[in-house]
Amino acid sequence: MEVKREKIPEDFRIRQLQARDMLRGDLDGEDLERYVQERVLTTTVDKAVGWAQGNSIYPLTFGLACCAMEQIHIVAARMDIARFGFEAFRASPRQADLIILSGRVSIKMAPVIRRIWDQMLEPKWAISMGACCSSMGVFNNYALVPSDKFLPIDVHVPGCPPRPEALMHGILRLRDLIQGHAREGWRARYDAVGTEELLPGEADLDSAGINVFKPGDTAGA
Amino acid sequence: MPDATELELTAQELRDAHNESILDTSFHRDRATLIANPQLIREVLGHLQGKGYNMLASLHGVDYYPEEPRLGVLYEMLDMKRVDRISVKARVSIDDPHIPSVVDLFPTADFPEREVYDMFGVVFDGHPDLRRILMPEDYEGYPQRRDFPVGGEPVLFTFNEEQSYGKYV
């Protein structure tokens, strides 16, 4: 079998020679100016951070139900989420910036998830995976709560359960979103500034503007 | 399973030992059931335990709406040596859903009794720690009762899609 050798293009050879001259310090004046302009890429810090952050999401190791089986598959060899840089599942919410709600959320689990979410550092994102988590699916009864009621969900992945490809597609959509809004916290993204939790003593809890459930008061729950 | 004759004999034996303890019997599809007086359920189960039915395989609640008395508590007893089963059923009304706890006779009844309390609101008198087990502790109502609203989110179809609260306005 004949081996084909591509001829090195002429301008590539010129660039090599220019680079050698630059390292020697022989390049100056107009030549140096042009050399620099050809090699420097300008961007904004936001875009650079967005590009980096969108390509290195750290999901939280967190599974709720059967959807978690499909979630596990995106890490395994066939889907291999490492191709996009999302393979480092973190066991601590303080090191993660993405929570995938993979399964049904019971009303007893919802406060737990909310606490985990509050422990995650900004900026952080949430994916609601599967029918149960988004719309309660087949468990549409007293026991469950849809995730939109207690978390700001960025991406809903439909399915029962969604295939790993679908979840992968959802994560890639989330990557697009992150690259556009990399440094915004969720309150900025969803126009919720001013809804921060207050400690006792920081505010008058009886004022009408603050909606706080007192212990034992389950009205509206 | 005991056959119909043996069921009647067991019922008569229990009636002799504890007056008014067995209200009725039922033998349906080879399943022997003693319908017991809820106030004497401890005596009935204790007697069966002495007879060899010493494992409480299951304890669960039923809502017989609209029949009265509405609530039922079922005890599935198992004789491990003879591999023989018998059911004991106690009916309690919804206005006064009290029944003595059997946790001291069968320690395994602890969680099932809490679950029946959680889902049907049957109060087991004498239970060491009668709290809700599945639902949050501040939950109101007993969700498995037949008159409890199913709840949940309205399912959106094309004809009612305007009700969607998630739509952008």
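Before looking at how a helix lies across strands, I note that two residues count as in contact if their C-beta atoms, placed from the backbone, lie within 7 Å. I also note that the model is predicted.

**Entry 1: a helix across the strands.** I looked up helix α2 (residues 41-51) of chain B and found that this helix lies across β2 (31-36), β4 and β5 (84-92) of chain B. Its direction is at about 175° to β5(B).

**Entry 2: the sheet.** I asked in what order the strands of chain B stand in the sheet. There are 5 strands in an open sheet, and I read the order as β1-β2-β5-β4-β3, with mixed pairing. The edges are taken by β1 (22-28) and β3 (55-63) of chain B; each has a single partner strand, so one side of each is left without a neighbour in the sheet. On average, neighbouring strands of this sheet are turned by 20° against each other, direction ignored.

**Entry 3: β3(B) and β4(B).** I followed the edge strand β3(B) to β4 (residues 71-79) of chain B, with which it pairs in the antiparallel sense over 8 bridges. M55(B) has L78(B) as its bridge partner, and D63(B) stands opposite L71(B). I then looked up helix α3 (residues 110-120) of chain B, which lies across β3 and β4 and runs at about 5° to β3(B).

**Entry 4: β4(B) and β5(B).** I recorded that β4(B) and β5(B) pair in the antiparallel sense over 9 bridges. L78(B) appears here again, with R85(B) as its bridge partner in β5(B). The hairpin of β4(B) and β5(B) has 4 residues between the strands, and in this hairpin V83(B) takes a positive phi near 50°.

Conventions. Residues are numbered from 1 along each chain as its sequence is written. Chains are lettered from A and ligands numbered from 1 in the order in which they are written. This is a predicted model: local features need pLDDT of at least 70, side-chain atom pairs count only at pLDDT 80 or more; totals for chains, interfaces and linings use all residues. Two strands pair if DSSP finds at least two bridges between them. Helices (H or I, at least four residues) and strands (E, at least two) are DSSP runs, numbered from the N terminus. Axes are lines fitted to C-alpha atoms, for helices over the stretch in contact, and angles run from 0 to 180 degrees between N-to-C directions.
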